[in-house]
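Please walk through this protein one region at a time, with the sequence and the coordinates side by side.

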Amino acid sequence: MTSFVEIQFPGDISYGATGGPTFLTDVVATVSGHEQRNSKWSQARARYNVASGVKTETQWQALIAFFRARRGKAVGFRFKDWGDYKAVNQPLLALGGNEHQLVKQYVSGAVVSERIITKPVAGTVKLYEDSVLQASGWSIDSATGIITTSLSGTLTADFEFDVPVRFDTDELALSLDSFDAGSWNSIPLIEVRI
């Protein structure tokens with residue numbers, strides 16, 4: 001069985017989701033009241049709860065079918081984070097030879113954090129060489145975010161992207177509130193490293 005499929009979670013349900021990036025940090029308070037902090041991850045890992053996005057019977061039936069097809073936690077999939085799904089004028093990360101990785105930079109003052117983008121949305125990537133749009137001479141692998149090109153100038157890209165996630169539960173517990181209305185307390189998703 002495959003551990004990841006290039007299928008996007010239903011967009012009309014993901015639009016109502018809550019969540020975003022998380023880190024793992026140990027905090028130890030000393031006797032004097034000062035803190036020592038140890039950040040265990042250099043990159044954030046996103047978490048989402050999609051329960052609030054389910055508003056109609058059609059959506060909950062689609063969710064049940066999607067959950068069953070992914071076998072709970074077993075199979076990862078694409079998820080559109082409506083709060084962070086676009087990138088404009090982003091430099092590429094050179095991998096060597098003629099391969100470059102899509103990245104998104106997050107800038108806060110002098111600090112620049114780079115996020116590797118492995119799931120660009122097909123048909124949304126625009127490649128620029130020295131700020132000039134390039135219609136040909138390159139290709140993108142939408143399953144890895146790797147661009148292959150022989151272009152040699154300063155390369156940047158605009159694109160949309162999905163987050164690779166999986167369900168963080170093996171149980172989908174529906175509360176049937178009335179004949180045609182149901183609800184969930186929590187349907188957690190977690191980003192997977194690819």
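What follows goes from the overall layout to one helix, the core, the pocket and then a few single residues.

The model is predicted. The protein contains 2 helices and 20 strands. Its C-alpha atoms fill a box of roughly 60 × 55 × 30 Å, taken along the principal axes. Of the 194 residues in the protein, 37% are buried.

Helix H2 covers residues 57–70, and its 14 residues should span 20 Å at 1.5 Å a residue. The C-alpha atoms at the two ends of H2 are 20 Å apart, which agrees with that expectation. Which residues of H2 are buried? They are Gln59, Trp60, Leu63, Phe66, Phe67 and Arg70. Seen down the axis of H2, these buried residues fall within an arc of 125 degrees, so they line one face of the helix. Thr58 and Arg68 are exposed on the other side of H2. Just after the helix, Arg71 takes a positive phi of about 55 degrees.

The next topic is the nonpolar core. In soluble globular proteins, nonpolar side chains tend to be buried together. Here the largest nonpolar core has 21 residues, and those with the most contacts inside it are Phe9, Leu63, Phe77, Phe167 and Leu189. Two or more residues of this core come from each of S5, H2, strand S6 (76–79) and S17. The largest share, 4 residues, is that of H2. Leu63 thus appears twice: it is one of the buried residues of H2, and it is among the residues with the most contacts inside the core.

Phe77, another of the residues with the most contacts inside the core, also has a partner far along the chain. Val5 and Phe77 are 72 residues apart in sequence, yet their C-alpha atoms are 5.2 Å apart in space. Val5 lies in strand S1, residues 4–8. Val5 has a relative accessibility of 18%, and because buried means under 20%, Val5 counts as buried.

Now to the empty space. Rolling a probe the size of a water molecule over the atoms shows where empty space is left. The largest pocket holds about 480 Å³ of space. Among the 26 residues that line the largest pocket, Gln43, Ala44, Arg115, Glu191 and Arg193 are the closest to its centre. The elements that give two or more residues to its lining are strand S2 (18–22), strand S5 (45–49), strand S11 (111–116) and strand S17 (163–167). By type, the lining residues of this pocket divide into 13 nonpolar, 5 polar and 8 charged. S5 and S17 each give two or more residues to the pocket lining, and S5 and S17 also each give two or more to the largest nonpolar core.

Strand S11 also holds Glu114. Glu114 has a relative accessibility of 31% and therefore counts as partly exposed. Its C-alpha atom is separated by 32 Å from that of Asp170, with their positions 56 residues apart along the chain.

Two more residues can be placed by their distance to another part of the chain. Ala17 lies in the loop between helix H1 (11–14) and S2. With 25% relative accessibility, Ala17 counts as partly exposed. Ala17 and Asp84 are 67 residues apart in sequence and 12 Å apart in space, C-alpha to C-alpha. Asp141 lies in strand S14, residues 138–141, and is partly exposed, with a relative accessible area of 37%. Asp141 and Thr118 are 23 residues apart in sequence, and their C-alpha atoms are 8.9 Å apart in space.

Backbone angles come last. Most residues other than glycine have a negative phi, and most peptide bonds are trans. Asn89 is not a glycine, but has a positive phi of about 55 degrees. Asn89 is found in strand S7, residues 86–91. Is Asn89 buried or exposed? At 51% relative accessibility, Asn89 counts as exposed, because exposed means over 50%. Asp130, also not a glycine, has a positive phi of about 50 degrees. Asp130 lies in the loop between strand S12 (126–129) and strand S13 (132–134). Its relative accessibility is 47%, so Asp130 counts as partly exposed.

Key. Residues numbered from 1 in each chain as written. Predicted model: local features only at pLDDT ≥ 70, side-chain atom pairs only at ≥ 80, totals over all residues. Heavy atoms only, no water. Expected span 1.5 Å × (residues − 1). Buried < 20%, exposed > 50% of the residue type's maximum accessible area, 1.4 Å probe, protein only. Arc of directions from axis to C-beta. 1 Å grid on protein atoms, 1.4 Å probe; cavity = no way out; pocket = protein on both sides within 12 Å on 5 of 7 lines; lining within 4 Å. Points joined across faces, edges and corners; volume = space filled by probe spheres on them. Nonpolar A, V, L, I, M, F, W, Y, C, P; charged D, E, K, R; others polar. Core = buried A, V, L, I, M, F, W, Y, C linked by side-chain atoms within 4.5 Å.
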